[in-house]
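Me: I would like to learn how to read a structure like this one, feature by feature. Could you walk me through it?

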Amino acid sequence: MVDISDNDPKWTLSGRTKSMETGIGFHQIVSQSVEIIATVGMDNKCFFLSKNMEWSNDLILEFLELYEQEPCIWNPKHPQYKIRNTVYDSWENISKNLSVPYSISDLRKKKYSLMATFRKLVNKVKASKKTGSGLDIYKPDWFAYEAMAKFLHSVNQPNTIKSSRVSVSRLNK
């Protein structure tokens, strides 16, 4: 929880509205320093934050450490992988333990963005291995690659497809 007061110079009050669901009044505030939009209850306790997706490298690495500790989110072989309540609880744990509060929706968006970059780099590494030259294997220099590869490498592998073709030499025997 973040305690916000009206006279805090870091925050500006942008309006007062009423929640459609609860009828409880709240303030919408905007940070002057980091483009944060927050909904703040009448007791000045922040209960939702939505930020832009510009994260520092340190914050991304912190997020990845927390994400790694919740395998039911990223490991399809985990027994709790398809249980929505468990997965949601894991996202909540990440949200609560991250040094900067983000909504679960924002965390998922960041995860999708990171995974897109990670998959692209994994494909580049695989393509460089197919060339046959052991010297030209692509080494990603993206700061988060190693942090993600250490736990996602095994689950990010495509399933092998077994050929249904029967060799001709076996049929002639």
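Reply: Happy to; we will go from the overall layout to single helices, a pocket and a few residues. Keep in mind that this is a predicted model.

Me: Let's begin with the layout. How many helices and strands are there in the chain?

Reply: The chain has six helices and four strands. Following the sequence, the pattern is β-β-β-β-α-α-α-α-α-α. Of the 173 residues, 33% count as buried. As for contacts with a separation of 6 or more, 45% of them involve residues 24 or more positions apart.

Me: Now a single helix. What should the 14 residues of helix H3 span, and how far apart are its end C-alpha atoms?

Reply: The idea is to compare an expected length with the one in the model. At 1.5 Å a residue, H3 (residues 84-97) should span 20 Å, and its end C-alpha atoms are 20 Å apart, so the two agree. You can do the same with H4: its 26 residues reach 37 Å from the first C-alpha to the last, close to the 38 Å expected.

Me: Which residues of H3 are buried?

Reply: Start from the helix geometry. An α-helix has 3.6 residues a turn, so residues three or four places apart point the same way. In H3, the buried residues are Val-87, Ser-90, Trp-91, Ile-94 and Ser-95. These cover an arc of only 140° around the axis, which puts them on the same side of H3. Asn-85, Lys-96 and Asn-97 are exposed on the other side.

Me: And what covers the buried residues of H3?

Reply: The cover includes helix H1 (57-68), helix H2 (71-74) and helix H4 (104-129).

Me: Let me zoom in on one of the buried residues. Why does Ser-90 count as buried?

Reply: The test is relative accessible area, and buried means under 20%. Ser-90 has a value of 4%, so it is buried. This residue sits in helix H3. Leaving out neighbours within four places in sequence, Ser-90 is in contact with Glu-70, Cys-72 and Ile-73. Glu-70 is 20 residues away from Ser-90 in sequence, yet their C-alpha atoms are 5.9 Å apart in space.

Me: How does Pro-71 count on that scale, buried, partly exposed or exposed?

Reply: Pro-71 belongs to helix H2. Its relative accessibility is 25%, so Pro-71 counts as partly exposed. Along the chain, Pro-71 and Tyr-81 are 10 residues apart, and 7.8 Å separates their C-alpha atoms.

Me: Next, pockets. How much space lies in the second largest pocket?

Reply: For a pocket, look at volume, then at the lining. The second largest pocket holds about 290 Å³ of space. Its lining has 16 residues, and the closest to the centre are Tyr-67, Ile-73, Trp-74, Tyr-81 and Lys-111. H2, H3 and H4 are the elements that each give two or more residues to this lining. The largest share, five residues, comes from H4.

Me: How do the residues of that lining divide into nonpolar, polar and charged?

Reply: There are 12 nonpolar residues, one polar and three charged.

Me: Back to H4 itself. Which of its residues are buried?

Reply: The list runs along the helix: Ile-104, Asp-106, Leu-107, Lys-110, Lys-111, Leu-114, Met-115, Phe-118, Leu-121, Val-122, Val-125 and Ser-128. Note that Lys-111, one of these buried residues, is also among the residues closest to the centre of the second largest pocket.

Me: What do the buried residues of H5 pack against?

Reply: In helix H5 (residues 145-152), the buried residues are Tyr-145, Met-148, Ala-149, Phe-151 and Leu-152. They pack against H1, H2 and H4. For contrast, take Glu-146, which is also in H5. With a relative accessible area of 57%, Glu-146 is exposed. Its C-alpha lies 9.6 Å from that of Phe-118, and the two residues are 28 apart in sequence.

Me: One last case, a loop residue. Which residues does Trp-142 touch, not counting those up to four places away in sequence?

Reply: Trp-142 lies in the loop between H4 and H5. It touches Leu-114, Thr-117, Phe-118, Leu-121 and Met-148. Leu-114, Phe-118 and Leu-121 appear in the buried set of H4, while Met-148 is in that of H5. Trp-142 and Thr-117 are 25 residues apart along the chain, with 9.0 Å between their C-alpha atoms.

Definitions and conventions. Residues numbered from 1 in each chain as written. Predicted model: local features only at pLDDT ≥ 70, side-chain atom pairs only at ≥ 80, totals over all residues. Heavy atoms only, no water. Expected span 1.5 Å × (residues − 1). Buried < 20%, exposed > 50% of the residue type's maximum accessible area, 1.4 Å probe, protein only. Arc of directions from axis to C-beta. Contact = heavy atoms within 4.5 Å. 1 Å grid on protein atoms, 1.4 Å probe; cavity = no way out; pocket = protein on both sides within 12 Å on 5 of 7 lines; lining within 4 Å. Points joined across faces, edges and corners; volume = space filled by probe spheres on them. Nonpolar A, V, L, I, M, F, W, Y, C, P; charged D, E, K, R; others polar.
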